[in-house]
Structures are given as C-alpha cells and as structure tokens.
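Work through the exercises below with the sequence and the 3D structure open. Each task is followed by a solution in steps.

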Amino acid sequence: MSRVGLLEDNHRIAKLSATMLGYAGHDVTIYVEASDCLHALFILDPSSGQTPTKYEGTVFPLLPIDVLILDLHLPNMSGLEVARLLRNNPYTCELPLIFCTAATSAEINLAFLIAPEARLVEKPFKLQTLVSAITHVLPGSV
C-alpha cells in the first residue's frame, strides 16, 4: 500500500478516485487547493504562505505521501506552478508525480519539461490506468 496525495479541485473526481484507489489498497489524501498540498509537503510556510528561501541545515519530517497525482487545471495556482515548486525544492524534488488531467498537448509538454520522469493519465481514465501509473512511478517498481 502506498500513501497517495491527490490534488484535484473537482470534488466528484477526487472522491471517486480516492474511493477507487482505496479499493486498490492505497491510502489517499485529497488536497482541494494547491496551497493545502504545498503546506502539507512543507513547500509553503503555513504562517506566511511564502516559499522558504533557505534549506541548508533544515531537517524535514518524512513526507506525508509517497506519490502525488496532480491535476494541471487548478484554481488560484496552476498545476504547472505546483510541479515547478515541487521540483525546485530539495525536499520534494524527487517526489513521484502523476499528471492526471484533461490539459492540452502544449500544457502537457510544459509539464514534462518541469518533471520529465512523471507519468500522464488523461481524463477520463480507468482505475487500472491510474493504479498502473502509481506502480510505475514508485521506487523499486517496474
């Protein structure tokens, strides 16, 4: 079982995905807002909402998730910006990402420039496609 973060603003898609992934044996945490996700992953300081500027000597706790499923179309902050912040942070730069989106080809290409190792699951999707993507991106998987 893996700990899956799901950053999805569509309540129905988030709930259905979390239910399906739960049946597949995963523990899912839903993040509705990008800021909630970034706070949970220690990218944004909850008190200031700012990105920390110094990381040297910082001891971070264990990440609360093993993989993040990220929609590219989000309110307030794009999924591209979330991916950029994650990749630019030494603490989360290796967090496995899955882009689960109905974005355009151009947006998807930009996402892969930020995180070339990520997987893509296009909406609408099947449960097995999402489960397979999780298995593929986790360390030690095929």
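Contact here means heavy atoms within 4.5 Å. Helices (H or I, at least four residues) and strands (E, at least two) are DSSP runs, numbered from the N terminus. The model is predicted, so local features need pLDDT of at least 70 and side-chain atom pairs count only at pLDDT 80 or more, while totals for chains, interfaces and linings use all residues. Residues are numbered from 1 along each chain as its sequence is written, and side-chain values use heavy atoms, with hydrogens and water left out.

**Exercise 1. The strands**

Task: Give the order of the strands in the open sheet, and state which stand at the edges.

Solution.
Step 1. Two strands pair if DSSP finds at least two bridges between them. Five strands form the open sheet, in the order β2-β1-β3-β4-β5, and their pairing is parallel.
Step 2. The edge strands are β2 (27–31) and β5 (119–122); each has a single partner strand, so one side of each lacks a neighbour in the sheet.
Step 3. From one strand to the next, the twist averages 20 degrees.
Step 4. At the β5 edge, β4 and β5 run parallel and are joined by four bridges. Phe 99 stands opposite Leu 120 in β5.

**Exercise 2. The cores**

Task: Find which residues touch the most other members of the largest nonpolar core, and which element supplies its largest share.

Solution.
Step 1. A nonpolar core is a set of buried Ala, Val, Leu, Ile, Met, Phe, Trp, Tyr and Cys residues joined through side-chain atoms within 4.5 Å. Buried means under 20% relative accessible area, exposed over 50%, and partly exposed in between (1.4 Å probe, protein chains only).
Step 2. The largest core has 28 residues, and Leu 7, Leu 68 and Phe 99 touch the most other members.
Step 3. At least two residues each come from α2 (34–40), β3 (67–70), α3 (79–88), β4 (97–101) and α4 (105–114). The largest share, five residues, is that of α3.
Step 4. Another core, of 17 residues, lies apart from this one; among its members are Ala 18, Ile 69, Ala 133 and Val 137.
Step 5. Return to Leu 68. Beyond its neighbours within four places in sequence, its contacts include Leu 7, Tyr 31, Cys 37, Leu 86 and Ile 98.

**Exercise 3. Helix α3 and its arginine**

Task: State what covers the buried residues of α3, and decide whether Arg 87 is buried or exposed.

Solution.
Step 1. Seven of the ten residues of α3 are buried, leaving the helix mostly covered. These are Gly 79, Leu 80, Val 82, Ala 83, Leu 85, Leu 86 and Arg 87.
Step 2. The cover includes β1 (3–7), α2, β3, β4 and α4.
Step 3. Arg 87 has 14% relative accessibility and therefore counts as buried.
Step 4. A polar atom of the Arg 87 side chain lies 3.0 Å from the backbone oxygen of Cys 93. This is a polar contact (a pair of N or O atoms within 3.5 Å; within protein, one must be able to donate a hydrogen and the other to accept it, and residues adjacent in sequence count only if both atoms are side-chain atoms).
Step 5. Arg 87 is also in contact with Glu 94, Ile 114 and Glu 117, among others outside its neighbours within four places in sequence.

**Exercise 4. Packing of α3 on α4**

Task: Describe how α3 and α4 pack.

Solution.
Step 1. Axes are lines fitted to C-alpha atoms, for helices over the stretch in contact, and angles run from 0 to 180 degrees between N-to-C directions.
Step 2. The angle between α3 and α4 is about 5 degrees, and their axes are 9 Å apart.
Step 3. Angles under 35 degrees count as roughly parallel, over 145 as roughly antiparallel, 65 to 115 as roughly perpendicular and the rest as oblique. The two helices α3 and α4 are therefore roughly parallel to each other.
Step 4. Leu 80, Ala 83, Arg 84 and Arg 87 of α3 make the contact with Glu 107, Leu 110, Ala 111 and Ile 114 of α4.

**Exercise 5. Helix α5 and the loop before it**

Task: Place Leu 130 and Pro 124.

Solution.
Step 1. Helix α5 (residues 127–137) lies across β1, β3, β4 and β5, and runs at about 175 degrees to β5.
Step 2. Leu 130 is in α5 and counts as buried, at 0% relative accessibility.
Step 3. Outside its neighbours within four places in sequence, Leu 130 is in contact with Leu 21, Ile 69, Val 121 and Phe 125.
Step 4. Pro 124 is in the loop between β5 and α5. The peptide bond to Pro 124 from Lys 123 is cis, with omega near -10 degrees.
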